[in-house]
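Let's take a walk through this structure together, moving from helix packing and aromatic rings to a few individual residues. Please keep the model open as you read.

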Amino acid sequence: MAHAYERERNYDRGPRLRSNVSLLSPWLRHRLILETEVLDSALQIWSLDEAEKFVEEVFWRGYFKGWLEHYPQVWKNYRRDLDDAIESLGAEVELARRFESATSGETGIDCFDVWVRELTEIGYLHNHARMWFASIWIFTLKLPWQLGADFFYRHLLDGDPASNTLSWRWVAGLHTKGKTYLARSSNIAKYSEARFSDVQELARDAQPLTEPDYGPAQALDSVASNTPTGEFGLLVTHEDCTPETLSLPRPPVAACGIGRLENHVQLPIDWRVREFSKSAVDDALRRIEHEFGISTAEIDDADWCNQIIDWAHALGIKEIVTAYAPVGPTQEALKTATHYLERHELKLTAIKRGYDNVVWPFASKGYFAIKKQIPAIIESLQLPSN
């Protein structure tokens, strides 16, 4: 977490040698563990100066999620452009051939093909490899960045709508306008410790991509003070799998969980990703049973809305509480369901975590705006600051 992490974190030594990074991202992604828990663990041992790089990596996640909350149109544009790119695969033979070559790890670029196998077989890639991969995809293979971001999202156990989408945009020169990331053979050789020592045929430059203006920052959703007014049921999604730690005014009557909500998905999500999400929700339901002494139920993702209505009516409740789902497929699905639930006399209430309320307001511009606030945020969250 301290100086060794700062020195070693950028080295990708392969899937069997990962002691230089935390490997916590899949569990943080589903909030099986919380950012505040990870920060507290680091700062109980190290000073903020000593653990600076580790702490900053935790806040990068909050920055990306908060930024997308301010600019939800970027997500909508990405989904639209992804649909167009997928349609192009059916119409453009050469594009489809190059896409198939890339996603099956048959490009002839040794490091890239190894990373494809690692991604599809394990569901994880080192962060540095993700940057190299995205750069090669965009600037060497000349494939649409949206298809690459989708490929990651469908195979990464920690695939996150904000962190994944915005990281690809950063490599492409869209997130920080005009600033791209170019994968270089010498850099890959150094930080792979010569596992890939002579990577040929990489792009020599990386001209930034362009896009239409997506408008000004929007105000954040005001759900911080949402509280249920009467008896309620608790809905668990894979976005937040420690709902027992939410600021609930009283215990829920019962709880139900949905493994994964993915509307508008054209290409299949890997079974490992679905299984991890389902297992995360199942784990949350078991803890809720123990914490509150209540019954729990699993809801299938098919026709899940009607299943929740039947579940709530059987319990005699008119309100369902869930952890706030950030911009992404789960939020889209829940927003669509809200009006349908209301027609069946059910209110869906979202509760946002204190960490998000503190961090996200600083995420409307570049990361530096959050970075300079880290000491104040840590103090506000009452975390150690030795």
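Helices and strands here are DSSP runs, numbered from the N terminus, where a helix is H or I with at least four residues and a strand is E with at least two. The model is a predicted one, in which local features need pLDDT of at least 70 and side-chain atom pairs count only at pLDDT 80 or more, while totals for chains, interfaces and linings use all residues. Residues are numbered from 1 along each chain as its sequence is written, and side-chain values use heavy atoms, with hydrogens and water left out.

A good place to begin is helix α5, which spans residues 72-91 and holds both Trp75 and Tyr78, three residues apart, or about one turn of the helix. Rings of Phe, Tyr and Trp (for Trp, the six-membered ring) pair if their centres lie within 6.5 Å; planes under 30 degrees apart count as stacked, over 60 as edge-to-face, and the rest as tilted. The structure holds 27 aromatic pairs. One of them joins Tyr63 and Tyr367 edge-to-face, with 5.7 Å centre to centre and 80° between the planes. This pair links distant parts of the chain, since Tyr63 belongs to helix α4 (residues 52-70) and Tyr367 to helix α16 (residues 367-371), 304 residues apart. Are these two rings buried or exposed? Buried means under 20% relative accessible area, exposed over 50%, and partly exposed in between, computed with a 1.4 Å probe on protein chains only. Tyr63 counts as buried because its relative accessibility is 2%, and Tyr367 counts as buried at 9%.

Back in α5, Trp75 and Tyr78 form a tilted pair, with 5.3 Å centre to centre and 50° between the planes. Trp75 is buried, with a relative accessible area of 4%, and Tyr78 is buried too, at 3%.

Helix α4 has another residue to visit: Glu56 is found there. With a relative accessible area of 7%, Glu56 is buried. Contact means heavy atoms within 4.5 Å. Not counting residues up to four places away in sequence, Glu56 touches Tyr367, Lys371 and Ile374. Tyr367 is thus a partner of Glu56 as well as of Tyr63.

Next, turn to helices α8 (residues 127-140) and α9 (residues 145-155), which pack at an angle of about 145° with their axes 9 Å apart. Axes are lines fitted to C-alpha atoms, for helices over the stretch in contact, and angles run from 0 to 180 degrees between N-to-C directions. The crossing of α8 and α9 is right-handed; a crossing is left-handed if the near helix is turned anticlockwise from the far one by less than a right angle, and right-handed if clockwise. Which residues in α8 meet which in α9? Arg130, Phe133, Trp137 and Ile138 in α8 meet Trp145, Leu147, Gly148, Phe151 and Phe152 in α9. These contact residues divide into seven nonpolar, one polar and one charged. Here Ala, Val, Leu, Ile, Met, Phe, Trp, Tyr, Cys and Pro count as nonpolar, Asp, Glu, Lys and Arg as charged, and the others, Gly among them, as polar.

Phe133, Trp137, Phe151 and Phe152 also appear in one aromatic cluster, together with Phe99, Phe112 and Trp168. Arg130, for its part, lies over the face of Tyr124, at 5.3 Å from the ring centre. A charge sits over a ring if NZ of Lys or CZ of Arg is within 6 Å of the ring centre and within 35 degrees of the ring normal. Elsewhere, the charged end of Lys352 sits over the ring of Tyr324, 4.9 Å from its centre.

Two further residues deserve a look. Ser163 lies in helix α10 (residues 161-172) and is buried, with a relative accessible area of 16%. Leaving aside neighbours within four places in sequence, Ser163 is in contact with Arg61 and Phe64. Pro208, by contrast, is in the loop between α11 (185-191) and β1 (233-236), and counts as partly exposed at 34% relative accessibility. Beyond four places in sequence, Pro208 is in contact with Ala172, Gly173, Gly178 and Thr180.

Finally, consider the backbone. Most residues other than glycine have a negative phi. Leu23, in the loop between α1 and α2 (25-29), has a positive phi near 60° and is partly exposed at 36% relative accessibility. Gln382 has a positive phi of about 60°; Gln382 sits in the segment after α17 (374-380) and counts as exposed at 71%.
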